[in-house]
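Here's a quick tour for someone meeting this structure for the first time. Have a look at the picture below, and then let's walk through how the pieces fit together.

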Protein chains: 2
Amino acid sequence: MSSVSPSAPRTGPAGAPPAGSRPGGRSARVRAAVHRAVKELVADESGDALTIPVVAARAGVHATTVYRRWGSVGELLSDVATSRFTGGFVVPDTGSLRGDLERYAANMARDLSDPDTLALVRATLGSGGEQGAAACQGDRRQQLAAILEREEARGGGTPSLDHLTDALVAPLYYRAVFTDLPLATAWARDLVARLLPDEAPQLPADR
Amino acid sequence: MSSVSPSAPRTGPAGAPPAGSRPGGRSARVRAAVHRAVKELVADESGDALTIPVVAARAGVHATTVYRRWGSVGELLSDVATSRFTGGFVVPDTGSLRGDLERYAANMARDLSDPDTLALVRATLGSGGEQGAAACQGDRRQQLAAILEREEARGGGTPSLDHLTDALVAPLYYRAVFTDLPLATAWARDLVARLLPDEAPQLPADR
DNA sequence: CCAGTATCGCACCGATGACTGCTTTTATTG
DNA sequence: CAATAAAAGCAGTCATCGGTGCGATACTGG
């Protein structure tokens, strides 16, 4: 008998700067504060239940505001995850497919190695449902597609996007989320090596 | 100021039939009822918050019982996930590594395709923390190790367990948890094919 | 069949989470 | 600079979650 709050005005759909209304200073500041509070609380992992009042209190914002802008913890987490995982890092351009992928995989590995990030992913999956799951991927697909497209323009035959996801993205995410194995960059490079048979690796030293 | 309940007697560590104490009729029945209630509630996905009182009510069990046997929602979910994912299906034995893996991957795909199972995984990840994540894997590693060991006894060189995880388990889980792409058995077979180059597939018709 | 004990049900309490009108502040627009 | 409307703050209500002490119950071993 809950879950639906038919009254909330909620102008913007809780995504980025509210569509056409008021991107002004305060809203943005509140949004940032809430986002940071969520990240911190999720990172703390004190089993603090991550509830709206707690988030609001830590953000120095009134709970009402959070209730109105975001409807529930799930939506809030999805929003945070979205802005955390989209536009994050730039797509590498090393000149070769292998180089791009190795760089990209290494970036992803480093990103997912952060315990705070990992906690955010888990929490978002837990209460963000289908939407939250999507949010945890961010641009990944577009970014990989861009790499692939560039390589195609360059000439060579490329693996499909799905194949790439299976061979690269999936192992990274799986290890991070489900196991406690370390996400070494050497291992990430191995993934690329298995995906692209033969020929020597492009990046001798990492970063 | 929560998370630790120093008083609870809690004889069995909330795992399977209580170690040496009392596997008797009622306890087992209660346990089963609670487990089923959790599964149903998680499956319902009504955003019902999945709280202890709610679980207890649906199980027809008093909340106190749940509080005492399991300490928190996280532990409860971990327990349910563990018993859901361990000893589930038998390790296939088709006589060849490829056959075993294809069969195993297909089973896993079918298993993870169930929306209820998926919801359980997500919820467990969300509030079960590290332990919950481990619980979602069940015997997978041992089972794959068994398949590998059998193949080694048979003679052939086998891929490493980690490699197997990256190439098979990870994509399955990733697709299920993070995307809404279907987990077709044909695709699962492709995964095996990419893992084991050359030679024709062993199972012409599935199941 | 009986004693012993683990386990469950019941009544109860404090704390706090979810949600709602109303007022006040702040950003935009002319 | 003034008017307007959106968004945030405030106070307060209601439901219910988390947790405890005690008595009743059912399982186990002799």
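The two copies meet through the same surface, because 100% of the interface residues of chain A are also interface residues in chain B. Before going further, a bit of housekeeping: this is a predicted model, where local features need pLDDT of at least 70, side-chain atom pairs count only at pLDDT 80 or more, and totals for chains, interfaces and linings use all residues. Residues are numbered from 1 along each chain as its sequence is written, chains are lettered from A and ligands numbered from 1 in the order in which they are written, and side-chain values use heavy atoms, leaving out hydrogens and water.

How are the copies arranged? Turn chain A by 180° with a shift of 0.0 Å along the axis, and it lands on chain B with an RMSD of 0.1 Å (a least-squares fit on C-alpha atoms of residues with pLDDT of at least 70 in both copies). The two are thus related as by a two-fold rotation axis. Within chain A, the residue that comes closest to that axis is A:Gly126, with its C-alpha at 1.8 Å.

Now for the interface in numbers:

| Interface of chain A and chain B | Value |
|---|---|
| Residues in contact (heavy atoms within 4.5 Å) | 31 of chain A, 31 of chain B |
| Buried area (accessible area, 1.4 Å probe, lost on being put together, summed over both) | about 2,600 Å², 56% on carbon and sulfur atoms |
| Salt bridges (Lys or Arg side-chain nitrogen within 4 Å of an Asp or Glu carboxyl oxygen) | 8 salt bridges |

One of the salt bridges links A:Arg194 to B:Asp166, with the closest N and O atoms 3.2 Å apart. Which parts of chain A do the touching? Helix H6 (115-135), helix H8 (161-178) and helix H9 (185-195) each supply at least two residues to the side facing chain B; helices here are DSSP runs (H or I, at least four residues), numbered from the N terminus. The largest share, 12 residues, comes from H8(A).

Finally, a stop inside chain B: B:His35 sits in helix H1 (residues 25-44). Is B:His35 buried or exposed? B:His35 is buried, with a relative accessible area of 6% (buried means under 20%, using a 1.4 Å probe and protein chains only). Setting aside residues up to four places away in sequence, B:His35 touches B:Trp70, B:Asp79, B:Val80 and B:Ser83. With B:Ser83, the side chains also share a polar contact of 3.3 Å (N or O atoms within 3.5 Å, one able to donate a hydrogen and the other to accept it; residues adjacent in sequence count only if both atoms are side-chain atoms).

Notes:
Buried area is the accessible area (1.4 Å probe) that two parts lose on being put together, summed over both. Buried means under 20% relative accessible area, exposed over 50%, partly exposed in between (1.4 Å probe, protein chains only).
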